[in-house]
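Subject: Structure for your review, with notes on its salt bridges

Dear colleague,

Please find below the structure that I am passing on to you. My notes on its charged side chains follow directly after it.

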Amino acid sequence: MAVSIENATIRERALLHLSRFPGMNPSEMFNVPFDLTQDGIASVLGISRAHASLELKKLKEAGKVDDWQAHIKGSGTKRKAYYLLPDGTAEAVLLRERFEKAGIAVNALLDMKRCDPGIMWESLCAEDKETFGLACVFRVPIPRKTLPDTNTGVIPADFYGMTCISDAVRDKYLSLTDPEKAKAWHSRAADWWMDKGDDDQERLYHLVKAGRNTEACKLILKKTERFLENPNEDLLAVMKDVSVVPKYAVSIYNIRARVALECEDVNDAFACADKLADQPTNDAGMIRAEAYMLSGNVEKGFELASSMFRERPSSRAALIAARCLFRMKRYDEASEHLDSSCKVLSDNNDATGIDEIMLLRAGIAYGKGKIDESLSYLSKARKASRKDRTRKRIDALVKNIKAGKGANFD
């Protein structure tokens, strides 16, 4: 049989791994690397702890390795660590020579980050390529048992049974494969998140990478509240990659604009506004007004928001105008616009945005030096808000105000 990565046994890889620590033996009692523990060895070899235990037991019985109790680096307790006996060291030397003579870097067996990706990829059998490719598309740790078994243990797993390929390794190997293959792996990952996971953002990421854009759009619409509860730059990047299905365009660009504004990506907010410019709603104007405010052109943001409010009164336009006035320290005018916003909400029997209004009233009171009034409005805002993120922000403001550290309401 030709020497290759896929037919290297777990036994051989264990010996080669332990040979990388020639100075570690029972004479060393402290700062012993985690990689020499049963869990560490399992993680490096990409096998289960039970499998590692079995292989180490066989090697110990064969007189190749032994163990001792040592203080593991980063741990406050003693654990069993393994080292090579003379016969194990001799065999490891012969193994290294055999693999290197065959043109295979030993690091390809032990550390994917150090090995040549081309050699590694081409050395894998078809089944292991499928499994490794699927592992590469996941961006967060998943249970190793989620993935099919491999002949070589090429998939790394920690001692909790979780696996996650590093960004550098993932990018290397995915660049070597057929893009359609990568789409298929992303599609399987998207289905896994639907069936067994609860991370909507990861599911959205895989749907987009798989080219399943209709499903991606439907997921954004279905999980809008959850996405807006945790807007972040990665979510925005994923949304930018969506090929928007025309019938969902208005809703999708509005949601993406909200995420962009929360992330203070005003350029993308303006881009979303441009996509909505021909729509019969005034969504584009609202987005532009808020983007102007965030970009520092507060006066222009106020002019646009107040103009829209005059043409078509809405609580959102009034609130944006009030926020612009607040940033310009025109507190009394800001209060008037908040009154207008409250009136619209009352007329429509709508409680949406009350927490934002109370929060801004707290900022106005604080700006005027009315600390007790500001704290009172913050209390009302917290009771009205259903968003954890908003409540945490309010708690931080209250804490800072009471500690006399000042508060930033922008």
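Is Glu12 buried or exposed? Glu12 is buried, with a relative accessible area of 14%. Please bear in mind here and throughout that the model is predicted.

The side chain of Glu12 forms a salt bridge with that of Arg98, at an N to O distance of 2.7 Å. Because Glu12 belongs to helix H1 (residues 10-18) and Arg98 to helix H4 (residues 86-101), this pair ties together parts that are 86 residues apart in sequence. Arg98, for its part, is partly exposed, with a relative accessible area of 35%. In total, the count for the model comes to 27 salt bridges. As a general matter, side chains of opposite charge can pair when their charged atoms come close.

A second pair consists of Asp39 and Arg79, whose side chains meet in a salt bridge at 2.5 Å, N to O. Asp39 sits in helix H2 (residues 38-45) and Arg79 in strand S2 (residues 78-84), so this salt bridge ties together parts that lie 40 residues apart in sequence. Asp39 has a relative accessibility of 5%; buried means under 20%, and therefore Asp39 counts as buried. Arg79 is partly exposed, its relative accessible area being 23%.

A third pair is made up of Glu262 and Arg389, with a salt bridge between their side chains at 3.3 Å, N to O. Here the linked parts of the chain are distant: Glu262 is in helix H14 (residues 249-262) and Arg389 is in helix H22 (residues 388-402), 127 residues apart. Glu262 counts as partly exposed at 38% relative accessibility, and Arg389 is likewise partly exposed, with a relative accessible area of 32%.

Salt bridges with shared partners also join Arg11, Lys64 and Glu91 into one network.

Finally, a note on Asp241, which is found in helix H13 (residues 233-241). Asp241 is partly exposed, with a relative accessible area of 48%. Which residues does Asp241 contact, leaving aside its neighbours within four places in sequence? They are Val208 and Lys209. Asp241 and Lys209 are 32 residues apart in sequence, and their C-alpha atoms are 8.3 Å apart in space.

With kind regards

Terms used:
Residues are numbered from 1 along each chain as its sequence is written. This is a predicted model: local features need pLDDT of at least 70, side-chain atom pairs count only at pLDDT 80 or more; totals for chains, interfaces and linings use all residues. Side-chain values use heavy atoms; hydrogens and water are left out. A salt bridge is a side-chain nitrogen of Lys or Arg within 4 Å of a carboxyl oxygen of Asp or Glu. Helices (H or I, at least four residues) and strands (E, at least two) are DSSP runs, numbered from the N terminus. Buried means under 20% relative accessible area, exposed over 50%, partly exposed in between (1.4 Å probe, protein chains only). Contact means heavy atoms within 4.5 Å.
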